[in-house]
Amino acid sequence: MKLHTGSLYWETTFERKGFKTREKKSLYDVAIIGGGMSGALCSYVLSQQEYSIVLLEQQEVGAGSTSANTGLLQFSNDIMLHELMEQIGEEKAVEFYRTCKEALQQLQEVATHAPFDVQFHRRDSLYFASTENDVTRLRKEYEALKKHGFPVEFWEREDIEAHFSFSQPAAIITNGDAEVNPLRLCMGAIQYAYEKGMDIFEHTEVLEIKDTKENAVVKTTNGDFMARQVVVTTGYAPTPELTVPQKDLKVTYAIATQPIEDLSFWYERMMIWETKRPYLYMRLTDDQRIVAGGLDQDAEQLPKSKQANREKFAELKVELKKLFPDQDIQFEYEWVALFGESTDELPVVGRHPEEPNVYYLIGLGGNGTVYSMLGARMICDLMSRKENFNQSILKVQR
Ligand SMILES: Cc1cc2nc3c(=O)[nH]c(=O)nc-3n(C[C@H](O)[C@H](O)[C@H](O)COP(=O)(O)OP(=O)(O)OC[C@H]3O[C@@H](n4cnc5c(N)ncnc54)[C@H](O)[C@@H]3O)c2cc1C
């Protein structure tokens, strides 16, 4: 399944050297299927537990949705805290948000341990009301976050105007979010686990998983692999042996501009997004570019019409120009990608309902990297039979 097309910016920031194929072991503690961000963060967390691990990837690691990711890491989710409270109750919603916040700290640790710079930087986020109608909702969100101790400020129109070239009715600022180069983070986490002994088999497609109750047999295009436990992290592709609660796919558009010498117009390099759905979102990169995305629409596969894509990128340019009218914004990279969300806007993490040795971590949603991180920790807890509060809301069958 092709997940993206176009010119990917992050691929130009990382030189792939490949991994030496080591001899296959007769039995692994864990087989991880899929070498994207979810598989990478699982590799990182599980390799710290001294498990013997094999990572199986059908193409090259990091080449799926992860290389199209725009790298905004936020504790706020596409579903606002107060809305999640209505959906699953206050206690569970607040705990889930706390776990997302902790995941940011854990991502920072991964960044620190990565053998090369992954361009992780703490940033605040500006979440603005797209219209006057959204101000009440945004204020309600501010109250909910504040009440539960999350670091948040409320900005009126004058505050936004004082700091940016655009004017919006209101915004909340969430403190302590982060930006990262997602491809480098993924490759850094995998390299860390590889150096701790994890085996990596690229160009190895998993065809079937057979749970024999004692072990699992993973059947691939490269022969069988035996493992005590299997973690499926195949992203938006159909999930082996299980249908997860995933909505129809969307197609989404992202760009990176040419480097901009003077970025002083961009207050504190904040990450910016909005209340409208689909939302426009943007951030800056280490080499002074704007990375932005949005304009999602329903689609089963990547669009075939180049003209339709050109129109979407032109639309994205208009949206950016509205916010930064004085800037000469030139796009250098443009990519189109598929994007998956779950039916309740939460990730899917847990054990297969009938096959006890098979686990799933599917980081659906706009906050996918944070979900991949908290999911990797949760899988680690489940494997060592530790209780995890989020288990009931994230489990695969719900
Ligand atoms: C344009 C865009 C922007 C985004 N921006 C953000 C953002 O700013 N912040 C954020 O947190 N998230 C963002 N996301 C979401 C983020 O990209 C995903 O959450 C994340 O990449 C998912 O990682 P993954 O490992 O689950 O999937 P993937 O990266 O797709 O990895 C899955 C891997 O599994 C492999 N695989 C599949 N089937 C098999 C099989 N049968 N056998 C072997 N291997 C298999 C695939 O080849 C692939 O490499 C964005 C997504 C898109 C498309």
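Helices and strands are here taken as DSSP runs, of at least four residues for a helix and at least two for a strand, and they are numbered from the N terminus. In this predicted model, Gln 119 is placed in the loop that runs between helix H3 (90-113) and strand E5 (121-128).

With a relative accessible area of 17%, Gln 119 counts as buried, because that term covers values under 20%. Its side chain is joined to the side chain of Asn 181 by a polar contact of 3.0 Å. Apart from neighbours within four places in sequence, Gln 119 is in contact with Glu 179, Val 180, Asn 181, Arg 184 and Asp 286.

Lys 140, by comparison, belongs to helix H4 (residues 135-147). Beyond its neighbours within four places in sequence, Lys 140 is in contact with His 82 and Glu 86, while its C-alpha lies 9.4 Å from that of Leu 81, although 59 residues separate the two in sequence.

The table sets out the accessibility of both residues.

| Residue | Relative accessible area | Class |
|---|---|---|
| Gln 119 | 17% | buried |
| Lys 140 | 44% | partly exposed |

The second largest pocket holds about 250 Å³ of space. It is lined by 15 residues, of which Gln 106, Arg 377, Met 378, Asp 381 and Asn 388 are the closest to its centre. Two or more lining residues come from each of H3 and helix H8 (368-383), and H8 provides the largest share, with five residues. Sorted by class, this lining comprises four nonpolar, six polar and five charged residues.

Methods
Residues are numbered from 1 along each chain as its sequence is written. This is a predicted model: local features need pLDDT of at least 70, side-chain atom pairs count only at pLDDT 80 or more; totals for chains, interfaces and linings use all residues. Side-chain values use heavy atoms; hydrogens and water are left out. Buried means under 20% relative accessible area, exposed over 50%, partly exposed in between (1.4 Å probe, protein chains only). Contact means heavy atoms within 4.5 Å. A polar contact is a pair of N or O atoms within 3.5 Å; within protein, one must be able to donate a hydrogen and the other to accept it, and residues adjacent in sequence count only if both atoms are side-chain atoms. On a 1 Å grid over the protein atoms alone, a cavity is a set of points where a 1.4 Å probe fits but cannot get out, and a pocket is an open set with protein on both sides within 12 Å along at least five of seven lines; lining residues have an atom within 4 Å of a point. Grid points are joined across faces, edges and corners, and a volume is the space filled by probe spheres set on the points. Ala, Val, Leu, Ile, Met, Phe, Trp, Tyr, Cys and Pro count as nonpolar, Asp, Glu, Lys and Arg as charged, and the others, Gly among them, as polar.
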